Amino acid sequence: MSTQTFVIVGASLAGAKAAETLREEGFDGRVVLLGEETERPYERPELSKGFLLGTKPADKLYVHAADFYAGHDIELRTSTAVTALDPGAHEVVLDGGERLGYDRLLLATGASSRRFPVAGADLPGVVYLRRMGESDDLRTAIQGASRVVVVGAGWIGSEVAACARMLGAEVSMIAPEAVPLERVLGPEVGAVYRDLHADKGVDLHLSTGVDRIEGTDAATGVRTSDGTLVEGDLVVVGIGAAPRDELARAAGLEVDNGVLTDEHLRTSEPDIYAAGDVANAMHPFYGKRIRVEHWANALNQGPAAARNMLGAGTAYSRVPYFYSDQYDFGMEYNGYATEWDRVVFRGDPASREFLAFWLRDGQVVAGLNANVWDQADGIKALVRSGARVDADRLADPAVDLGELLG
Ligand SMILES: Cc1cc2nc3c(=O)[nH]c(=O)nc-3n(C[C@H](O)[C@H](O)[C@H](O)COP(=O)(O)OP(=O)(O)OC[C@H]3O[C@@H](n4cnc5c(N)ncnc54)[C@H](O)[C@@H]3O)c2cc1C
């Protein structure tokens, strides 16, 4: 039996899946999973979907059944924050001062909601969404609000706006971009989301920033940078997330927009690994480091890091994948497009049943299937292949995606 101790900091999806994998792979030393939240590990996507709507109960969100951890001899310690790492001594320091030794350490500390740096942002009625309790509170607040103002038109802002409308609230959305999700999807596909929200009755204030949040004792509205007052007594701020890399930074690990790792998810400290939202990991397929905040990345990188902690030496090279559901419009996205020169649609975007492809130099760098559910594998294969495609054939529904692989 191994006398080694593997410690995982961050008891959420990446951390919990890593712990599971250590046992699956036969590691029989000590596994300690440390998390500052009160809940055992759960998945966050439903916090801005079914759980927020009240249609999906908490027990469907947990990564594992309550007895899984004890059953697999995993020491899960919730409500336990790690306050420091000591790589030299191979120890972590817990909030009560206890020091815990490790042979290998995984940082799965995730990300946190970016705070809004404007006047009035600390007023009651201004809220963020990252945790289960925040989603619970938000549902109640939406139900009691005269109008919900969503600041930010990224994934969380857009999904919260959709849920709030579905819960019957009046909703305004304010964002600096010309269309929702513009930074990730670009103007063409972002316009589909703009029209969707407008059709569902969201009062859109796009291409404008926020000057301040108005109110004396509580939020009463948002003043946009063009001087408009958007009234509302509940302000949901969804302006992105920041990696929780502070422990690593303080301990002297290499950090830059997350904890830097090699393709094996190993940090600049040989016995410390990182996975999930916090990891800015070298990606062999892209030939550079990428950090993505996607459910599938946490799901797969946690296990990949665990295997490498056991010596597998396998590079993590999955093509990124994420999904979103807003109203009755669902989509999946495969790839990683930061720059492209063309977007090609297959199907009419106005029908809200279509595929979209982002092309760079004739290669598909990402593809999305919206309300079409049998094409994701074909899209992923195209992205992986790096094949140069004929745009007309790509747009033609009669051409099987497999024929374009080259
Ligand atoms: C509302 C919402 C909706 C989302 N919807 C989607 C979606 O539709 N599709 C999609 O692909 N992705 C979605 N995501 C993203 C997805 O949930 C994340 O990518 C995923 O949660 C990342 O998992 P993680 O384990 O890396 O980090 P996290 O889930 O952030 O977990 C990190 C954990 O570490 C803990 N922690 C941090 N520091 C310490 C410390 N010092 N000591 C102890 N514990 C610590 C944190 O409290 C947290 O519990 C959504 C995220 C949110 C918030």
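In these legends, Ala, Val, Leu, Ile, Met, Phe, Trp, Tyr, Cys and Pro count as nonpolar, Asp, Glu, Lys and Arg as charged, and the others, Gly among them, as polar. The structure shown is a predicted model.

**View 1. Residues around the ligand.** The ligand is surrounded by 35 residues. The closest of these are E37, R44, K49, R130 and D277. Sorted by class, the shell around the ligand consists of 16 nonpolar, nine polar and 10 charged residues.

**View 2. Polar contacts and cover of the ligand.** In the side chain of E37, an N or O atom lies 2.6 Å from an oxygen atom of the ligand. The side chain of R44 likewise has an N or O atom at 2.6 Å from a ligand oxygen. At Y323, it is a polar backbone atom that is found 3.0 Å from an oxygen atom of the ligand. On its own, the ligand has 1,000 Å² of accessible area, and the protein covers 95% of this. Four elements give two or more residues to the shell around the ligand: the helices α1, α5 (155-166) and α8, and the strand β22 (321-326).

**View 3. The five-stranded parallel sheet.** An open sheet is formed by five strands, which follow one another in the order β3-β2-β1-β7-β19. The pairing in this sheet is parallel. Its edges are β3 (74-77) and β19 (272-274), each of which pairs on one side only. From one strand to the next, the twist averages 15°.

**View 4. The pairing of β7 with β19.** Strand β7, residues 104-107, is joined to β19 by three bridges in the parallel sense. One residue pair can be named here: L107 has A274 of β19 as its bridge partner.

**View 5. Two helices on the parallel sheet.** Helix α1, residues 13-24, packs on the sheet and touches β1 (5-9), β2 (30-34), β3 and β7. The direction of α1 makes about 170° with that of β2. Helix α8, residues 295-309, also packs on the sheet, where it touches β1, β7 and β19. Between the directions of α8 and β7 the angle is about 165°. Both α1 and α8 also appear among the elements that give two or more residues to the ligand shell.

**View 6. The three-stranded antiparallel sheet.** Three strands, in the order β13-β14-β15, make up another open sheet, and their pairing is antiparallel. The edge strands are β13 (210-214) and β15 (229-231), and each pairs on one side only. The twist in this sheet averages 20° from one strand to the next. Four bridges link β13 to strand β14, residues 221-224, in the antiparallel sense. Within β14, T224 is the bridge partner of V210.

Notes: Residues numbered from 1 in each chain as written. Predicted model: local features only at pLDDT ≥ 70, side-chain atom pairs only at ≥ 80, totals over all residues. Heavy atoms only, no water. Pairing = 2+ DSSP bridges. Axes fitted to C-alpha atoms, helices over the stretch in contact; angles between N-to-C directions. Contact = heavy atoms within 4.5 Å. Near = heavy atom within 4 Å. Polar contact = N/O pair within 3.5 Å; in protein donor to acceptor, adjacent residues only side chain to side chain. Areas by Shrake-Rupley, 256 points an atom, 1.4 Å probe, with all protein chains shown as cover.
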